[in-house]
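Biologist: I should be grateful for a close look at a single part of this model, together with what surrounds it. Please set out the criteria as you go.

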Amino acid sequence: MLLVQIVTLFRGGEKARMSKRSGDYVTLRDLRREVGNDAARLFYVMRSNDQHLDFDLELAKARSNDNPVYYIQYAHARVASVLRQLIERGLSYDAAHGLASLDHLREAHELQLMKRICAFPEIVRLCAAQYAPHTLVHYLRDLANDFHTYYSSHQFIVEDAGLRDARVTLALAAQTVIRNGLGLLGVSAPSSM
C-alpha cells in the first residue's frame, strides 16, 4: 500500500518552489534534518491523511506556543520543572497523600484538566477505530492548553501539604497522559526544554 499526502512547504512565509519534473523537491529525509523528527512526525499526523498539508518550516522550528510540538512538549517539561522546584525548596511530594487529597481540587481549571485527562482512553479508542491519529494530536494540544492555563492561574507549591500534593498529583497525571500520547505518535516527551 502506498500512502500519499499532498504537502506544500512554506519557508519564511513564501511557498517553496518544487517540481518533480525538474528534480527540484524536498525529501522527507531533508525535512526531518531541517525541523527534527518530532516536528516532522507531529506536523504530518496533525491533519487527516485526506487533507492537504501546508507545512510551515519556520513554525516547525519555532520555540513558541504557536508550534504545536513545542507547546505540547513544553507542558510535559513544565511538570518536571514543578518537581525540581519542590526539591529546590526542600519539600517532598507524597503520592499517596496526593491521591487521598484530591478533594482539595475544586477550582474550575482543575476540574477542566481532570475531565480532559479522563477522556484520554476514549480518544485513543476513537483514533484507532477511525485510523485518525490527528484526533490525538488535537486532544494533546487541548490538554496542553488546559495544563498551561492551570499552571499560569494557580500555584502548585503552596504551604498546605494536602493541596500541594493534590495539585502535583494532577500535574503528574497530565504529564503521564501527554507522555503516553506523544509516545503513541512516536514523538519524544522531554523533561526540560
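How far apart are the end C-alpha atoms of helix 9 (residues 161–185), and what should its 25 residues span at 1.5 Å a residue?

Modeller: This is a predicted model, in which local features need pLDDT of at least 70 and side-chain atom pairs count only at pLDDT 80 or more, whereas totals for chains, interfaces and linings use all residues. Residues are numbered from 1 along each chain as its sequence is written, and side-chain values use heavy atoms, with hydrogens and water left out.

The end C-alpha atoms of helix 9 are 36 Å apart, in agreement with the 36 Å that its 25 residues should span. The expected span is 1.5 Å times one less than the number of residues. Helices here are DSSP runs of H or I, at least four residues long, numbered from the N terminus.

At the start of helix 9, a side-chain oxygen of Asp160 comes to within 3.0 Å of the backbone nitrogen of Gly162. This is a polar contact (N or O atoms within 3.5 Å; within protein, one able to donate a hydrogen and the other to accept it, with residues adjacent in sequence counted only if both atoms are side-chain atoms). After helix 9 comes Gly186, with a positive phi near 80 degrees.

Of the 25 residues of helix 9, 18 are buried, and the helix is mostly covered. Buried means under 20% relative accessible area, exposed over 50%, and partly exposed in between, for a 1.4 Å probe and protein chains only. Helix 9 also gives the most to the largest nonpolar core, with 11 residues. That core has 47 residues, and those touching the most other members are Val35, Phe55, Leu113, Leu136, Tyr139 and Phe147. A nonpolar core is a set of buried Ala, Val, Leu, Ile, Met, Phe, Trp, Tyr and Cys residues joined through side-chain atoms within 4.5 Å.

Leu136 shows how helix 9 meets other parts of the chain. Leaving aside residues up to four places away in sequence, Leu136 touches Gly181, Leu184 and Leu185, and also Phe120, Ile123 and Cys127; contact means heavy atoms within 4.5 Å.

Among these partners, Cys127 is itself buried, at 10% relative accessible area. Its sulfur is too far for a bond, because the closest cysteine sulfur, in Cys118, is 17 Å away. Cys118 is exposed, with a relative accessible area of 62%. The count of disulfides (cysteine sulfur atoms within 2.5 Å) comes to 0.

The loop between helix 7 (120–130) and helix 8 (133–153) holds Tyr131, which is exposed at 74% relative accessibility. Its phi is near 50 degrees, a positive value in a residue other than glycine. Most residues other than glycine have a negative phi.

Within helix 8, Phe147 and Tyr151 lie 4 residues apart, about one helical turn. Phe147 is buried at 0% relative accessible area, while Tyr151 is partly exposed at 23%. Their rings form a tilted aromatic pair, 6.0 Å centre to centre with 40 degrees between the planes. For such pairs, the ring centres of Phe, Tyr or Trp (its six-membered ring) lie within 6.5 Å; planes under 30 degrees apart count as stacked, over 60 as edge-to-face and the rest as tilted. There are 6 aromatic pairs by this rule, and ring pairs link Phe147, Tyr150, Tyr151 and Phe156 into a cluster.

Methods. Helices (H or I, at least four residues) and strands (E, at least two) are DSSP runs, numbered from the N terminus.
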